[in-house]
Amino acid sequence: MKAQTKIVLVDDNNNKFFGEGPARLLHAIEDQGSLRIAAKSMNMAYTKALKILNNAEQTLGFPLTTRTTGGKDGGGSKLTSEGKEWLTRYENYRDACIHANSQLYLEFFSKQQ
């Protein structure tokens with residue numbers, strides 16, 4: 001038996017806007033340099049990936065990525081400085097919650113008790 005921690009951030013109306021999926025999407029954008037390629041690498045439709053990003057950006061009030069359309073030089077996407085900072089803060093918070101949950105699990109379910 002073990003405890004599992006899942007961190008989901010919701011807006012004031014209790015609607016999910018950020019979690020592990022969007023975090024993985026941002027990492028894929030950073031790695032691939034393209035929202036379309038990042039979505040494809042996650043077996044996700046481009047329109048769904050765009051909706052996830054737009055929803056998070058609208059809720060947060062700042063852009064997570066910059067996107068340029070294609071053309072002869074091709075398009076691309078990259079994380080903004082705010083997007084990188086947000087991703088780092090989310091992951092640090094998530095990791096702290098996982099650690100705290102592990103400690104609480106031991107406190108409440110340790111075999112020594």
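Four residues, Met1, Leu104, Phe108 and Phe109, come together as a nonpolar patch on the surface of this predicted model. Taken together, they offer about 520 Å² of accessible area. One of them, Phe108, belongs to helix α4, which covers residues 81-109. With a relative accessible area of 55%, Phe108 counts as exposed, because the cut-off for that label is over 50%.

Helix α1 shows another side of the picture. Its 13 residues should span 18 Å at 1.5 Å a residue, and the C-alpha atoms at its ends are indeed 18 Å apart, so expectation and model agree. Several α1 residues are tucked away: Pro22, Ala23, Leu25, Leu26, Ala28 and Ile29 are buried. As for their partners, the buried residues of α1 pack against three helices, α2, α3 (46-60) and α4, and also against the strands β2 (16-18), β3 (65-68) and β4 (76-79). As a general point, an α-helix has 3.6 residues a turn, so residues three or four places apart point the same way.

What comes after α1? The helix is followed by Gly33, which has a positive phi, near 75 degrees. Ser34 then sits in the loop that links α1 (20-32) with α2 (35-41). Despite its place in a loop, Ser34 counts as buried, because its relative accessibility is 12% and the cut-off is under 20%. The Ser34 side chain reaches the backbone nitrogen of Ile37 at 3.1 Å. Leaving aside residues up to four places away in sequence, Ser34 touches Ile29 and Ser77. Ile29 is itself one of the buried residues of α1.

Methods
Residues are numbered from 1 along each chain as its sequence is written. This is a predicted model: local features need pLDDT of at least 70, side-chain atom pairs count only at pLDDT 80 or more; totals for chains, interfaces and linings use all residues. Side-chain values use heavy atoms; hydrogens and water are left out. Helices (H or I, at least four residues) and strands (E, at least two) are DSSP runs, numbered from the N terminus. Buried means under 20% relative accessible area, exposed over 50%, partly exposed in between (1.4 Å probe, protein chains only). A polar contact is a pair of N or O atoms within 3.5 Å; within protein, one must be able to donate a hydrogen and the other to accept it, and residues adjacent in sequence count only if both atoms are side-chain atoms. Contact means heavy atoms within 4.5 Å. Patches are made of residues with over 30% relative accessible area and no salt bridge: like charges are joined within 9 Å, nonpolar side chains (Val, Leu, Ile, Met, Phe, Trp, Tyr) within 5 Å. Accessible areas come from the Shrake-Rupley method with a 1.4 Å probe; for residues, only the protein chains shown count as cover. A salt bridge is a side-chain nitrogen of Lys or Arg within 4 Å of a carboxyl oxygen of Asp or Glu. The expected span of a helix is 1.5 Å times one less than its number of residues.
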